[in-house]
Amino acid sequence: MNVKSPMPPRERVLAAASDLFYNEGIRATGVEAIAARANTTKMALYRHFQSKDALVVEWLRQVAAHYWATFDAIEAEHKGDPRAQILAWATFFAQETAKASHRGCPFINSVAELSDQASPARRLIEDHKKRQWKRLAKLCKAAGLASPDDA
């Protein structure tokens, strides 16, 4: 099923790539398939993204932005209550997993496919995971959990 207009071409490409990268895998997805799903051409795809690697980075950046916006909303909703924030995080991840279906975490899936340690996409994932871990460890400490770094 193709991504329908009236979205601008760049957004159609990102929506198509998001679906294909997540469900089929980064390596298994070619730019031809992305262009076809986005109802555009490879030339239009490359006008918006220098390379498939640049498209992968932008996709992962958007996934990370969604997570961070959710984490910020959880913090605002449960201001001063680290235990409630931790529970809300757990609920968010459970809901994301259920919504995402069979493939699991897009970051873990992507890291498994990105063997180049210097890849911008891999660095983005590693930075995201480190920030996520630090933020959660800080909440665990604020909640008074024993061994917050291990929790």
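Here are three short exercises on a predicted model, each with a worked solution.

**Exercise 1. The cavity**

Work out which residues line the largest cavity, and which elements they come from.

*Solution.* Start with the count: the structure has one cavity of 30 Å³ or more. The volume of the largest cavity is about 40 Å³. Next, list its lining: Phe21, Tyr22, Trp59, Arg103, Pro106, Asn109, Ser110 and Glu113. Now map that onto the helices: α1 (9-24) and α6 (106-113) are the elements that give two or more residues to this lining. The largest share, four residues, is from α6. Finally, sort by class: you get four nonpolar, two polar and two charged residues.

**Exercise 2. Ile26**

Decide whether Ile26 is buried or exposed, and find what it touches.

*Solution.* First, place it: Ile26 sits in the loop between α1 and α2 (31-37). Its relative accessible area is 6%, and buried means under 20%, so Ile26 is buried. Then look for contacts, skipping residues up to four places away in sequence: Ile26 touches Phe21, Lys52, Val56, Trp59, Ser110 and Glu113. Last, check a sequence-distant partner: Leu114 is 88 residues from Ile26 in sequence, yet their C-alpha atoms are 8.6 Å apart.

**Exercise 3. Aromatic rings**

Find the aromatic cluster that holds Trp68, and the charge over the face of Trp68.

*Solution.* Begin with ring pairs: with centres within 6.5 Å as the cut-off, the count is 11 aromatic pairs. Then pick out the cluster: Trp68 joins Tyr67, Phe71, Trp89, Phe92, Phe93 and Phe107 in one aromatic cluster. Now for the charge: Arg131 lies over the face of Trp68, at 4.0 Å from the ring centre.

Note on methods. Residues are numbered from 1 along each chain as its sequence is written. This is a predicted model: local features need pLDDT of at least 70, side-chain atom pairs count only at pLDDT 80 or more; totals for chains, interfaces and linings use all residues. Side-chain values use heavy atoms; hydrogens and water are left out. Rings of Phe, Tyr and Trp (its six-membered ring) pair if their centres lie within 6.5 Å; planes under 30 degrees apart count as stacked, over 60 as edge-to-face and the rest as tilted. A charge sits over a ring if NZ of Lys or CZ of Arg is within 6 Å of the ring centre and within 35 degrees of the ring normal. On a 1 Å grid over the protein atoms alone, a cavity is a set of points where a 1.4 Å probe fits but cannot get out, and a pocket is an open set with protein on both sides within 12 Å along at least five of seven lines; lining residues have an atom within 4 Å of a point. Grid points are joined across faces, edges and corners, and a volume is the space filled by probe spheres set on the points. Ala, Val, Leu, Ile, Met, Phe, Trp, Tyr, Cys and Pro count as nonpolar, Asp, Glu, Lys and Arg as charged, and the others, Gly among them, as polar. Buried means under 20% relative accessible area, exposed over 50%, partly exposed in between (1.4 Å probe, protein chains only). Contact means heavy atoms within 4.5 Å.
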